[in-house]
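Biologist: I would like to learn how to read burial, backbone angles and surface patches in a model, taking one feature at a time.

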Amino acid sequence: MAAVGENSSYSREEVSALRGLFALYDTDDSGYISVKEVEALLQKIGRSGDDAAKILEGAEKVASEGKITFEEFLGLLEKGNTDVPGEGPDPKVLEFLRILEEYRIKCEDEGNYLEAGRANAQVETLRRQEEKRQQKAIRARQINERTEVQIAHNMQYTDFNAAWDKYMEEYDSMAQMYIQQMTERHAVNLLEFQRGLQKEMTQKPPKWSRELLEWRRRQHILARQKNYAEAQKIKKIADSLEDKERGSMNTSHAAVFARKEASFRQQQQAELQALLKRIDARRKEHIKQRNLDCKRLLQRNRNVQAVLESKQAVESVKLFADIKKDLQHSLALSTTRAKASVGGQ
């Protein structure tokens, strides 16, 4: 909590009060509240209208899975503040410091040392307050910078995932098209193969047995000898044997047809499986590349945040020193002018 207070434009007491209100909506002590609950919390602390709308819009951008942390909520509140003091010195404060310093010197010259001491205490208190005010303004601006960078990173991450989702969807759609095209081509090729094989087997002359050929030879000899009665008897025997052999040949042809068709289908199935394997391997490569790109993106964003925080830390040291130096210089200048004024009198 101290860390939040130190980097916040709110005082420790204000941060503590805001954290207590936040806890009312963090019922499961997860450290998160939903974006929907942010609206109710804003109403409770008196934020409404365009101010609340802007904060809610910011909450939706920085939210992770629809939820935000207290630090993110505090950052959004500070970003929504319209009365955040500037980083430069307040002219009114400098003028008041000059007046107080002149009064201190006057009291000192008049020997009114107690009043001079009170004036000096007021000068130191006002100087410290102005120093802290400017420091808080710098911190507020730096927090705003980090918040904007985080929002930009969140949007970049969302766009990254959306682009990859679209790419994978297009890839899956293209893969299905390739599978459909191959399936249709296989159906056409199978039909052509079946027709060609059927034609080939139909046109192939039958191969009769020697026994059948011998019966046919005897049949024709008897017929030429005009021994028609014997020829008719032999023909019946030959016809019966031919029917039997034809049936056996048809069975054999059917078995050959089925075997060749099965082999052809197996080749087609192997081709389809090879395509599916290539599609799956390529898809895994895409997923691997996506994960790699995601890690690189997140690491790059973390590096950007780290560089920004380091840069801000160096900047804070320099600016805080400049603030103290400028205020001391202003006081020294006021002292010189005040002494010159008193001396002139």
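Biologist: Does glutamate 131 count as buried or exposed?

Modeller: This is a predicted model, in which local features need pLDDT of at least 70, side-chain atom pairs count only at pLDDT 80 or more, and totals for chains, interfaces and linings use all residues. Residues are numbered from 1 along each chain as its sequence is written, and side-chain values use heavy atoms, with hydrogens and water left out. Buried means under 20% relative accessible area, exposed over 50%, and partly exposed in between, with a 1.4 Å probe and protein chains only. Glutamate 131 counts as buried because its relative accessibility is 11%.

Biologist: Which residues is glutamate 131 in contact with, leaving aside its neighbours within four places in sequence?

Modeller: Contact means heavy atoms within 4.5 Å. On that basis, and with those neighbours left aside, glutamate 131 is in contact with Ile323, Lys324 and Leu327.

Biologist: What should I make of the sign of phi at aspartate 29?

Modeller: Most residues other than glycine have a negative phi. Aspartate 29, although not a glycine, has a positive phi of about 55 degrees, and at 68% relative accessibility it counts as exposed. Lysine 226, also not a glycine, has a positive phi of about 65 degrees, and this lysine counts as exposed at 62% relative accessibility.

Biologist: How exposed is methionine 177?

Modeller: Methionine 177 is partly exposed, with a relative accessible area of 37%.
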